[in-house]
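Please look over the sequence and the model below before reading on. The points that follow are a colleague's note on the sheet and on the aromatic pairs.

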Amino acid sequence: TPKHLFNYNLEYSYGKVSTYIQKLYQSKVFTNEINIDFYSLETVNVLNYGISYDFLRKQNSSLSIGLKINNLFNQLYYFSNLRPMPGRNFQINMNYKF
């Protein structure tokens, strides 16, 4: 378990456009019971960015499309020993709420 864990989301909307930033920080994690630095996972500091546009907004339904960039600065990081997380990747989504 990390000693420090910090997450936040910051979102701004204007009209039909929304943009947001997500930040994840996790301090060093030891992966064994004797707490040797050789077997520890380094600090994780990841930033994600997204933008979305509302095409349709009615009383009971809405349609939006969005783009999200995960790991914006393409950093190598681990959440478990010897299993790296993906580098920069993109996510496109379309949401219809009814």
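**Notes on the sheet and the rings**

1. Strand β5 (residues 44–57) and β6 run antiparallel and are joined by eight bridges, where strands are DSSP runs (E, at least two residues) numbered from the N terminus and two strands pair if DSSP finds at least two bridges between them. The two form a hairpin with four residues between them, and within this pairing Gly50 stands opposite Lys68 in β6. This is a predicted model, in which local features need pLDDT of at least 70 and side-chain atom pairs count only at pLDDT 80 or more, while totals for chains, interfaces and linings use all residues. Residues are numbered from 1 along each chain as its sequence is written, and side-chain values use heavy atoms, with hydrogens and water left out.

2. The wider arrangement is an open sheet of five strands in the order β1-β2-β5-β6-β9, with antiparallel pairing. At its edges stand β1 and β9 (89–97), each with a single partner strand, so one side of each is left without a neighbour in the sheet. On average, neighbouring strands of this sheet are turned by 15° against each other, direction ignored, the axes being lines fitted to C-alpha atoms. As general background, strands of a sheet pair through backbone hydrogen bonds, either parallel or antiparallel.

3. At one edge, β1 and strand β2 (residues 17–26) pair in the antiparallel sense over ten bridges, and Tyr14 has Val17 in β2 as its bridge partner. These strands form a hairpin with two residues between them, and Gly15 in the turn has a positive phi of about 65°. Is strand β1 largely in the open or largely buried? Of the ten residues of β1 (residues 5–14), the number buried is zero, so this strand lies largely in the open; buried here means under 20% relative accessible area, exposed over 50%, and partly exposed in between (1.4 Å probe, protein chains only).

4. Towards the other edge, β6 and β9 run antiparallel and are joined by nine bridges. Along this pairing Leu63 stands opposite Tyr96 in β9, and the bridge partner of Gly66 in β9 is Asn93. Ser64, which is found in strand β6 (residues 62–70), is buried, with a relative accessible area of 14%. Leaving aside residues up to four places away in sequence, Ser64 touches Tyr53, Asp54, Phe55, Asn93, Met94 and Asn95, a contact being heavy atoms within 4.5 Å.

5. Finally, a search of the whole structure finds three aromatic pairs, meaning rings of Phe, Tyr and Trp (its six-membered ring) whose centres lie within 6.5 Å, with planes under 30 degrees apart counted as stacked, over 60 as edge-to-face and the rest as tilted. One of them, Phe6 and Tyr8, is tilted, at 5.7 Å centre to centre and with 50° between the planes. Both rings belong to partly exposed residues, Phe6 having a relative accessible area of 47% and Tyr8 one of 36%. Another pair, Tyr96 and Phe98, is stacked, because the ring centres are 5.7 Å apart and the planes lie at 25°. Tyr96 is partly exposed at 48% relative accessibility, whereas Phe98 counts as exposed at 80%.

Note on methods. Axes fitted to C-alpha atoms, helices over the stretch in contact; angles between N-to-C directions.
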